[in-house]
Amino acid sequence: MNPSLSRFVSTSFRVLLRSPSSCSYYCKFVGIQISPSIGLIQSSRALCQSSRQISTTDTSSNKHVPTAPHFKTSETRKKRQAESEIDAHKQDASSSYGTRFNPYTMAHPIWSENEMDSVEITHRPPDGFVDWLAFIGVKTLRFGFDTLSGFSFGKRNEKKWINRIIFLETVAGVPGMVAAMTRHLHSLRRLKRDYGWIHTLLEEAENERMHLISALMVKKPSWFFRGCVLLTQGIFVNMFFVAYLISPRLCHRFVGYLEEEAVITYTKLLKDIDDGALPLWENMPAPDVAVAYWKLEDDANMRDMFRAIRADEAHHREVNHTLSSLKPDDENPFPPGQ
Ligand SMILES: [Fe+2]
Ligand SMILES: [Fe+2]
């Protein structure tokens, strides 16, 4: 056979084998009349139909319902799933609260009674220009917020506290997510590995969001409040993103000092509860979502929830001061969930 004709026939068959649609178009293009019922097309259609049957759409609930098992069903996978503490946490949460609580949370520390009670107010003295800039920035923000929100004046009650907690947690959930996103993009852009920081930063972001979700079980914010959150997020996310591109060290130190203030705030809150200044919360049960997330006792109250949140803040304080002191290419010393 002529070599050119041989190449043409070979190419034609390769195209025909790829898909039935290209087969039909190609045949029209080269002027060949073939019956659509040829075996090749039939078998291709059968393959398409069988793959479609792997999943269907439940029209009643409009949900995607898989009807075939996961492609990986080895014993290793099943064993790993059964032994995973995270999965056990998910199962506990879903069995206790059904659809009311999303069990798909990341790994995070579960504090013992002793750990929650041993949290202390600490301060890392600033060392150098960057540290001082972060420290002065946090102190200035705290003074401004305490003054503008009226927290520094008058008697502190439950309403004042919950408004403060909700607002500050909407801000606290930003740095971890922005830092994780920035490092993720940096890894993609520079074709370099991340050294394990991203998961810790994402865990922090979710943990702060869980503080917020728990507080929202106590009070629903007004529209004015929501507007303030929207405005603050719009400004803070962009500022933090630019700052993280310029100096990750400054940003982690800033968050470290912010978390020092968070520990001070929650310690003051626990003292207010102990002093009887917040009678509504003295015996109020902790929200279900908080009991499930921190694995609190079934009869846990609001004080128990705030003790767990304070322990989280003390953990973020240590994590961010540590990350600030590391070089961006150093290994993250914090394993998942710790
Ligand atoms: Fe928080
Ligand atoms: Fe925090």
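## Notebook: glutamates and packed helices

Leaving out the neighbours up to four places away in sequence, I found Glu 313 in contact with Glu 259, Ala 262, Val 263 and Tyr 266. I note at once that I am working with a predicted model, and that every entry below should be read with that in mind.

**Entry on Glu 313.** I looked up where this residue sits, and found Glu 313 in helix H14. Is Glu 313 buried or exposed? I counted 23 other C-beta atoms within 10 Å of Glu 313, and because 20 or more are needed for a residue to be called buried, Glu 313 is buried.

**Entry on the first binding site.** I turned to the UniProt record, an unreviewed entry, and saw that its "binding site" annotation covers Glu 208, Glu 259, Glu 313 and His 316. These residues span 109 residues in sequence, yet no two of their C-alpha atoms are more than 11.0 Å apart, so they gather at one spot.

**Entry on the second binding site.** I also noted that the unreviewed UniProt entry gives the annotation "binding site" to Glu 169, Glu 208, His 211 and Glu 313. How far apart in space are these residues? Their largest C-alpha distance is 10.8 Å, so that they cluster in space although they are spread over 145 residues of sequence. Glu 208 and Glu 313 are named in the one annotation and in the other.

**Entry on Glu 208 and Glu 169.** I placed Glu 208 in helix H9, and I placed Glu 169 in helix H8, which runs over residues 158-190. Glu 208 has 26 other C-beta atoms within 10 Å and is buried, and Glu 169, with 20 other C-beta atoms within 10 Å, is buried as well. Which residues does Glu 208 touch, once those up to four places away in sequence are set aside? I listed Glu 169, Ala 172, Gly 173 and Gly 176 for Glu 208. With the neighbours up to four places away again left out, Glu 169 touches Glu 208, His 211, Leu 212 and Ala 215.

**Entry on H9 and H14.** I then looked at how the helix that holds Glu 208 packs with the helix that holds Glu 313. Two packed helices are described by the angle between their axes and the distance between the axes. For helix H9 (residues 197-216) and helix H14 (residues 302-325) I noted an angle of about 155°, with the axes 11 Å apart. An angle over 145 degrees counts as roughly antiparallel, and H9 and H14 are therefore roughly antiparallel to each other. Their crossing is left-handed. On the H9 side I wrote down Trp 197, Thr 200, Glu 204, Asn 207, His 211 and Ser 214 as making the contact, and on the H14 side Met 305, Ile 309, Asp 312, His 316, Val 319 and Leu 323. The residues of this contact of H9 with H14 divide into five nonpolar, five polar and two charged. Among the contact residues are His 211 and His 316, of which His 316 appears in the annotation with Glu 259 and His 211 in the annotation with Glu 169.

**Entry on H10 and H11.** I looked up another pair, helix H10 (residues 223-246) and helix H11 (residues 248-274), whose axes come within 6 Å and cross at roughly 130°. That angle makes H10 oblique to H11. Phe 240, Ala 243 and Tyr 244 in H10 meet Pro 248, Leu 250 and Cys 251 in H11. How do the residues of this contact divide? I noted six nonpolar, no polar and no charged for the contact of H10 with H11.

**Entry on the transmembrane regions.** The unreviewed UniProt entry places the feature "transmembrane region" at residues 165-185 and 223-246. In the model, residues 165-185 are 100% helix and 0% strand, with their end C-alpha atoms 31 Å apart. Residues 223-246 are 100% helix and 0% strand too, and here the end C-alpha atoms lie 35 Å apart.

**Entry on Glu 282.** I found Glu 282 in helix H12 (residues 279-282). With 13 C-beta neighbours inside 10 Å, Glu 282 counts as partly exposed. Glu 282 and Asp 272 are 10 residues apart in sequence, and their C-alpha atoms are 10.0 Å apart in space.

**Entry on the whole protein.** I closed with the totals, and counted 14 helices and two strands in the secondary structure. Of the 338 residues of the protein, 24% count as buried.

Definitions and conventions
Residues are numbered from 1 along each chain as its sequence is written. Chains are lettered from A and ligands numbered from 1 in the order in which they are written. This is a predicted model: local features need pLDDT of at least 70, side-chain atom pairs count only at pLDDT 80 or more; totals for chains, interfaces and linings use all residues. Axes are lines fitted to C-alpha atoms, for helices over the stretch in contact, and angles run from 0 to 180 degrees between N-to-C directions. Helices (H or I, at least four residues) and strands (E, at least two) are DSSP runs, numbered from the N terminus. Angles under 35 degrees count as roughly parallel, over 145 as roughly antiparallel, 65 to 115 as roughly perpendicular and the rest as oblique. A crossing is left-handed if the near helix is turned anticlockwise from the far one by less than a right angle, and right-handed if clockwise. Two residues are in contact if their C-beta atoms, placed from the backbone, lie within 7 Å. Ala, Val, Leu, Ile, Met, Phe, Trp, Tyr, Cys and Pro count as nonpolar, Asp, Glu, Lys and Arg as charged, and the others, Gly among them, as polar. UniProt positions are given in the numbering used here, feature names are shortened, and annotations may be inferred rather than shown by experiment. A residue is buried if 20 or more other C-beta atoms lie within 10 Å of its own, exposed if 12 or fewer, and partly exposed in between; C-beta atoms are placed from the backbone.
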